[in-house]
Amino acid sequence: MRLLVNALLAAHLTALLATAAAPAPAADQLYGCRAIDGDTLRCGAERIRLRAIHAPELHEPGGPEARARLERMLSSGADLGIVRRGTDRFGRTRADIYIDDRRITQTDIGPPGGRGTR
């Protein structure tokens, strides 16, 4: 049983690392973006929810820091790209965001938080 669990964990970790290290797919360019919180941004009229990122809400511990990290990345002057993946139940675009062809990941934002991680 332990061998099976270890094999499953190794396969999952390998898949995660391959996804994070994979080259960015063809992405549309983004301009004028700002962080709303640690996992949501606004680019013009479009509200975008970062896919597979779970940041604390602004009123939760770590929330303002997650927002500040995302804002620093958005305002770094690097090229921003987006690969849209549909919409969420609030009408926000669900998407992967790339900075200089590197996808923003949970590690960039900080420890997970929010309702979906409790």
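This briefing covers the main nonpolar core, strand β3 and the hairpins on either side of that strand in a predicted model. The largest nonpolar core holds 21 residues. Strand β3 (40–43) is among the elements that give two or more residues to this core. T40 and C43 both lie in β3.

**Nonpolar core**

- The residues with the most contacts inside the largest core are L30, L41, I48, L70, I97, I104 and I109.
- Two or more core residues come from each of β2 (33–35), β3 (40–43), β4 (46–50), α2 (63–74), β5 (80–87) and β6 (93–99).
- Helix α2 gives the largest share, with four residues.
- In soluble globular proteins, nonpolar side chains tend to be buried together.
- Beyond its neighbours within four places in sequence, I97 contacts L30, L41, I48, L50, G81 and I82. The list for I97 also includes R102, R103 and I104.

**β2–β3 hairpin**

- β2 and β3 run antiparallel and are joined by three bridges.
- Four residues make the hairpin connection from β2 to β3.
- A35 stands opposite L41 of β3. L41 is also one of the residues with the most contacts inside the core.

**β3–β4 hairpin**

- β3 and β4 are antiparallel too, joined by four bridges.
- Two residues lie between these strands in their hairpin.
- G44 sits in the turn and has a positive phi of about 65°.
- T40 has R49 in β4 as its bridge partner.

**T40 in β3**

- T40 is buried, because its relative accessibility is 3% and the limit for buried is under 20%.
- The T40 side chain makes a polar contact with the side chain of D39, at 3.3 Å.
- Leaving out residues up to four places away in sequence, T40 touches A35, I48, R49, L70 and R92.
- Of these, I48 and L70 are among the residues with the most contacts inside the core.

**C43 in β3**

- C43 has a relative accessible area of 9%, so C43 is buried.
- Apart from neighbours within four places in sequence, C43 is in contact with L30, Y31, G32, C33 and I48.
- C43 and Y31 are twelve residues apart along the chain. Their C-alpha atoms are separated by 6.5 Å.
- L30 and I48 are contacts of C43, and I97 also contacts both L30 and I48.

Terms used:
Residues are numbered from 1 along each chain as its sequence is written. This is a predicted model: local features need pLDDT of at least 70, side-chain atom pairs count only at pLDDT 80 or more; totals for chains, interfaces and linings use all residues. Side-chain values use heavy atoms; hydrogens and water are left out. A nonpolar core is a set of buried Ala, Val, Leu, Ile, Met, Phe, Trp, Tyr and Cys residues joined through side-chain atoms within 4.5 Å. Buried means under 20% relative accessible area, exposed over 50%, partly exposed in between (1.4 Å probe, protein chains only). Contact means heavy atoms within 4.5 Å. A polar contact is a pair of N or O atoms within 3.5 Å; within protein, one must be able to donate a hydrogen and the other to accept it, and residues adjacent in sequence count only if both atoms are side-chain atoms. Two strands pair if DSSP finds at least two bridges between them.
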